[in-house]
Amino acid sequence: MPDDFRTLLSLVLVFVPLSLLSIGGGASLLADMEHQSVGVHGWTTPREFADLFAISRAAPGPGTMLAALIGWKATGWAGAVTATVALYLPSSLVVYGAARLWGRWRGSVWHTAVERGLAPVAAGLLLSGGIAVLRVSPGGPAVWASAIIATVLLLRWPRLHPVVLFAAGGALFGLAALW
Amino acid sequence: MSKEVPLGAVTAETGGAVRKHHRIGLPAILAAFFWLGVTSFGGNTAAWLYHRIVQRRHWITDAEFLSGVALSRIMPGSGGVNLTVQVGQRLGGGAGAVAAVTGLLSGPLVIVVALAMAYARIGSSPAVNAGLDGIAAAAIGLTFATGLQLLPSGSRRLGPLTITLMTVLCVGVLRWPMLPVMLCLAPISVGLALAQPRSGR
């Protein structure tokens with residue numbers, strides 16, 4: 001099936017560069033994915049792309065699993081796997097190299113200093129990530145209030161399993177909408 | 001730093017001192033990250049990883065986790081996947097990294113395509129959408145709780161705490177681009193760490 005093969009190849013050619021250019025998270029990636037899959041290759045219509053984006057946000061895992069859906073739409077399961085590997089493998093290799101290099105100096109004075117120096121920045125980035133997701137969430141004040149309640153519960157009882165909270169949040173909001 | 005802590009009492013402050021690094025078997029890594037993948041809703045892989053891998057299993061220390069988070073954000077690619085690569089590498093070398101990433105992505109890959117297939121049949125319903133909002137709210141709560149648990153601690157924490165607040169202000173509130181902010185704040189923070197050896201974390 002040379003046509004399928006050609007589609008797989010163009011998936012690789014689209015997602016490998018995106019993988020290496022996507023510094024700073026998925027938001028900048030989204031515009032490029034939209035341009036490539038709707039405008040350049042016609043793998044999805046604009047409407048389908050919006051639907052796939054919504055579905056990818058509903059599923060667990062990294063937000064960029066949208067790539068798998070574009071691949072799936074383009075040419076089935078083989079496309080889904082190809083797009084996923086093409087998007088994650090190149091950046092993962094870069095990070096793996098950096099992590100090995102970084103680990104080589106473990107125990108040295110400056111390694112310890114850099115590790116301790118990065119910690120407060122990283123804590124700030126985690127909190128900022130929460131704020132960013134909150135900002136784009138379509139749910140409004142109810143989501144804000146529930147997020148704060150979940151935060152307090154988890155801080156008060158750290159051994160509480162987050163899946164319990166996920167289930168409770170999902171059930172509560174779902175039932176409220178039915179009512 | 002190596003004081004004994006009862007296992008139930010491990011906190012963000014003491015976690016780093018509890019367990020020395022050791023290699024973890026590949027099946028255990030694969031299984032742990034598989035569950036992480038299928039249950040990390042709302043793009044909060046880092047927070048979820050902290051809860052399951054650092055707080056529960058003590059496979060890596062708080063300091064390793066946080067430096068991993070910082071590195072995962074300045075590298076190309078998805079932050080959650082990048083963090084997983086580093087943790088997998090720390091736990092089991094190259095094979096560990098492959099096992100961790102495979103575990104993390106395989107479940108969500110199948111689930112997301114299955115959802116798309118179901119969606120093509122039945123379309124979306126308002127109740128399901130609202131339910132997803134509820135799950136997202138809980139996931140945001142987990143992210144906030146993780147960030148708050150990892151706030152700088154110890155006797156001389158004023159400097160590090162200021163760095164954290166500056167990061168939240170610039171990146172979270174003012175929405176400045178993350179990379180320049182990090183390039184500005186991280187060197188100051190490392191300088192602080194050098195000037196104050198062994199205080200707090």
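Is Trp110(A) buried or exposed, going by its C-beta neighbours inside 10 Å? Trp110(A) counts as exposed, because just 12 C-beta neighbours turn up inside 10 Å and a residue with 12 or fewer falls in that class. Keep in mind for every view below that this is a predicted model.

**View 1. Trp110(A) sits in helix 5 of chain A.** The helix in question covers residues 109-136. For a sense of scale, pick Phe5(A) as a partner: the two residues are 105 places apart along the chain, and their C-alpha atoms are separated by 49 Å. The domain assignment splits chain A into domain 1 (1-104), domain 2 (109-136) and domain 3 (139-179). Taken over C-alpha atoms, the centres of domain 2 and domain 3 of chain A lie 24 Å apart.

**View 2. Ala68(A) belongs to the largest nonpolar core.** This core has 104 residues, and Ala68(A), Leu69(A) and Ala122(A) are the ones with the most contacts inside it. Helix 4 of chain A (residues 66-104) gives the most to the core, namely 16 residues. Leave aside anything up to four places away in sequence, and Ala68(A) touches residues of both chains: Ala80(A), Ala83(A) and Thr84(A) on one hand, Leu109(B), Val112(B) and Val113(B) on the other.

**View 3. Chain B meets chain A through 88 of its residues.** On the chain A side, 80 residues take part. Helices 2 (26-39), 3, 4 (62-74), 5 (79-122), 6, 7 (158-173) and 8 (178-195) of chain B each supply at least two residues to the side touching chain A. Helix 6 of chain B gives the most, with 22 residues. Sort the chain B side by class and you get 58 nonpolar, 26 polar and four charged residues.

**View 4. Chain B is built from eight helices and zero strands.** Along the sequence that reads α-α-α-α-α-α-α-α. Of the 201 residues in chain B, 52% are buried. Take the contacts in chain B between residues at least 6 apart in sequence, and 64% of them join residues at least 24 apart. The domain assignment gives domain 1 (7-150) and domain 2 (154-201) for chain B. Each of these domains puts four residues into their contact. On the domain 1 side, those are two nonpolar, no polar and two charged.

**View 5. Helix 3 and helix 6 of chain B cross at roughly 65°.** The axes of helix 3 (residues 45-56) and helix 6 (residues 126-149) come within 8 Å, and the crossing is left-handed. Helix 3 of chain B brings Ala47(B), Trp48(B), Tyr50(B) and His51(B) to the contact, while helix 6 of chain B brings Leu142(B), Thr143(B) and Thr146(B). By class, that contact holds four nonpolar, three polar and no charged residues.

**View 6. His58(B) and Arg175(B) are loop residues with positive phi.** Most residues other than glycine have a negative phi, so these two are worth a zoom. His58(B), in the loop between helix 3 and helix 4 of chain B, has phi near 55°. With 15 C-beta neighbours inside 10 Å, His58(B) counts as partly exposed. Arg175(B), in the loop between helix 7 and helix 8 of chain B, has phi of about 60°. Arg175(B) is exposed, because 12 other C-beta atoms lie within 10 Å.

Definitions and conventions:
Residues numbered from 1 in each chain as written. Chains lettered and ligands numbered in written order. Predicted model: local features only at pLDDT ≥ 70, side-chain atom pairs only at ≥ 80, totals over all residues. Axes fitted to C-alpha atoms, helices over the stretch in contact; angles between N-to-C directions. Helix = DSSP H or I, 4+ residues; strand = E, 2+ residues; numbered from the N terminus. Left-handed = near helix turned anticlockwise from the far one by under 90°. Contact = placed C-beta atoms within 7 Å. Nonpolar A, V, L, I, M, F, W, Y, C, P; charged D, E, K, R; others polar. Domains from an automatic or database assignment. Buried ≥ 20, exposed ≤ 12 C-beta atoms within 10 Å, placed from the backbone. Core = buried A, V, L, I, M, F, W, Y, C linked by C-beta atoms within 7 Å.
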